[in-house]
Amino acid sequence: MNFSEVFKLSGLLCKFSPDGKYLASCVQYRLVVRDVNTLQILQLYTCLDQIQHIEWSADSLFILCAMYKRGLVQLRITVWSLCTKSVSYIKYPKACQQGITFTRDGRYMALAERRDCKDYVSVFVCSDWQLLRHFDTDTQDLAGIEWAPNGCVLAVWDTCLEYKVLLYSLDGRLLSAYCAYEWSLGIKSVAWSPSSQFLAVGSYDGKVRILNHVTWKMITDFEHPATITNPKIVVYKEAEKSPRLALGSLAFPPPRAAAGPLASTESKYEIASVPVALQTLKPVADRANPKIGIGALAFSPDSYFLATRNDNVPNAIWIWDIQKLRLFVVLEQLSPVRSFQWDPQQPRLAICTGGSKVYLWSPAGCVSVQVPGEGEHCPLGGTLANERLSADTHHGSFGALSGT
């Protein structure tokens with residue numbers, strides 16, 4: 001795998017444009033736009049303050065830069081047209097986990113609202129920002145909304161204190177409501193399959209429940225045991241790779257002064273023999289946001305696989321076969337998994353643990369890639385640049401092959 005020279009970066013802000021032609025990065029208050037093929041600087045913008053968030057427009061023509069340190073709070077959403085310079089205002093947005101969502105085709109936007117201690121959803125037409133539908137939701141404290149990829153169904157879920165998933169049509173009709181249990185912490189994460197046929201709901205009880213798009217009932221649930229006993233499941237364990245010593249080199253480690261901050265240990269994947277006991281984390285019960293339950297989940301672009309992370313087993317990633325509705329592979333890293341992202345064009349998963357390596361899994365096997373650069377943090381940051389994961393990685397050697 002080939003790497004470019006190291007570029008300066010602030011706040012891990014680096015994003016590829018949706019069309020894959022440009023790379024935007026931030027250095028303090030400067031925004032740098034490069035050509036992907038040559039990495040030459042195409043545009044250099046200077047903002048009023050340090051940039052803390054960037055976002056590409058869907059057509060790759062515009063970039064949004066947010067500077068939160070300005071300390072401004074507006075109790076409304078302002079929509080600026082970059083073509084006609086017109087301005088539209090939307091009142092009563094709710095500050096929640098995920099309160100705004102657009103359909104994939106960009107035609108509609110759904111917004112969670114809070115008025116008079118009650119939750120509502122407004123659906124807007126993005127072409128002229130006219131209100132299409134406005135309806136109240138049967139939620140105690142709405143936590144998030146998400147359109148299905150086909151734009152036909154809107155998923156709405158309640159606070160973690162109330163296990164409830166509501167499915168609404170585009171015109172605001174309630175299609176179905178789902179509740180798995182009561183009197184315990186409920187929903188922690190939600191994800192649609194790219195085909196819109198499945199809705200995965202991750203819960204604080206350590207299970208993922210799969211709902212189907214025909215009856216909106218649960219077709220199966222996936223548990224996340226701390227011990228893997230099924231011999232049909234492949235378990236990859238990251239292990240440190242022993243460095244090769246040249247002739248004449250000493251067999252003892254160098255002194256601390258010689259081992260600088262750039263030193264890092266190479267690693268590889270090994271196939272473990274079942275039963276395999278995964279490293280678990282005992283959650284602190286008397287604190288908010290306990291490290292339990294399914295904190296992250298994502299479908300592969302072909303909807304064949306589902307990757308999940310159970311927060312009290314922080315070093316492991318579970319990969320499920322959606323066609324056969326069974327556990328397919330488990331990967332256990334040496335460090336807690338911070339984020340993972342699917343390649344948008346093929347079933348290949350990238351994993352980041354915050355170190356100097358990025359890990360790739362596909363049905364063919366796994367590979368651990370050392371990323372060159374300064375410091376110990378992964379240059380991909382907390383959010384992986386999934387637009388470029390489809391780049392050729394066949395030059396890397398796979399640490400283990402699954403044989404399934």
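Let me begin with a term: pLDDT is the predictor's confidence in each residue, on a scale from 0 to 100, and I need it at once, since what we have here is a predicted model. Over residues 254–263 the pLDDT stays under 50, and for that stretch the model has 6 contacts beyond four places in sequence. For the protein chain as a whole the mean pLDDT is 84, with 85% of the residues reaching 70 or more. A further stretch to mark is residues 246–252, where the pLDDT is below 50 and where the model has 2 contacts beyond near neighbours in sequence. Where pLDDT is low, the predicted coordinates should not be read in detail, and I would ask you to keep that in mind as you look at those two stretches.

Let me turn to the sheets, beginning with an open one of 4 strands, in the order E17-E18-E19-E20, in which the pairing is antiparallel. Its edge strands are E17, residues 187–192, and E20, residues 218–223, each of which pairs on one side only, and the twist from one strand to the next averages 20 degrees. Within this sheet, E19 and E20 are joined in the antiparallel sense over 5 bridges, and if you want a pair of residues to find on the screen, Arg209 has Asp221 in E20 as its bridge partner.

Another open sheet has 6 strands, in the order E23-E22-E28-E27-E26-E25, and here the pairing is mixed. Why is one side of E23 and of E25 left without a neighbour in the sheet? Strand E23, residues 267–271, and E25 stand at the edges, and each has a single partner strand, so one side of each has no neighbour there. Neighbouring strands of this sheet are turned against each other by 20 degrees on average, if direction is ignored. Inside the sheet, E27 and E28 run antiparallel and are joined by 6 bridges, with Glu332 in E28 as the bridge partner of Ala316.

Now to the packing. In soluble globular proteins, nonpolar side chains tend to be buried together. In this model the largest nonpolar core has 23 residues, and those touching the most other members are Val208, Ile228, Leu278, Leu306, Trp318 and Val330. Two or more residues come from each of strands E18 (198–203), E19 (207–212), E25 (294–299), E27 (316–321) and E28 (326–332). Leu306 is worth a pause: leaving aside neighbours within four places in sequence, Leu306 is in contact with a list of residues that includes Ala200, Val208, Phe222, Leu297, Trp318 and Ile322. There is also a second, separate core of 19 residues, among them Val234, Ala307, Val329 and Phe340.

Earlier in the chain there is a hairpin of E7 and E8, residues 76–80 and 87–91, which pair in the antiparallel sense over 5 bridges. Trp80 has Val87 in E8 as its bridge partner, and of the 6 residues between the strands, Lys85 takes a positive phi near 65 degrees.

Finally, a single residue: is Ser60 buried or exposed? Ser60 lies in the loop between strand E5 (53–56) and strand E6 (63–66), and its relative accessible area is 5%, which means that it is buried, the cut-off being under 20%. A polar atom of the Ser60 side chain lies 3.0 Å from the backbone nitrogen of Asp19. Beyond neighbours within four places in sequence, Ser60 is in contact with Ser17, Pro18, Asp19 and Tyr22.

Conventions. Residues numbered from 1 in each chain as written. Predicted model: local features only at pLDDT ≥ 70, side-chain atom pairs only at ≥ 80, totals over all residues. Heavy atoms only, no water. Buried < 20%, exposed > 50% of the residue type's maximum accessible area, 1.4 Å probe, protein only. Polar contact = N/O pair within 3.5 Å; in protein donor to acceptor, adjacent residues only side chain to side chain. Contact = heavy atoms within 4.5 Å. Core = buried A, V, L, I, M, F, W, Y, C linked by side-chain atoms within 4.5 Å. Pairing = 2+ DSSP bridges. Axes fitted to C-alpha atoms, helices over the stretch in contact; angles between N-to-C directions.
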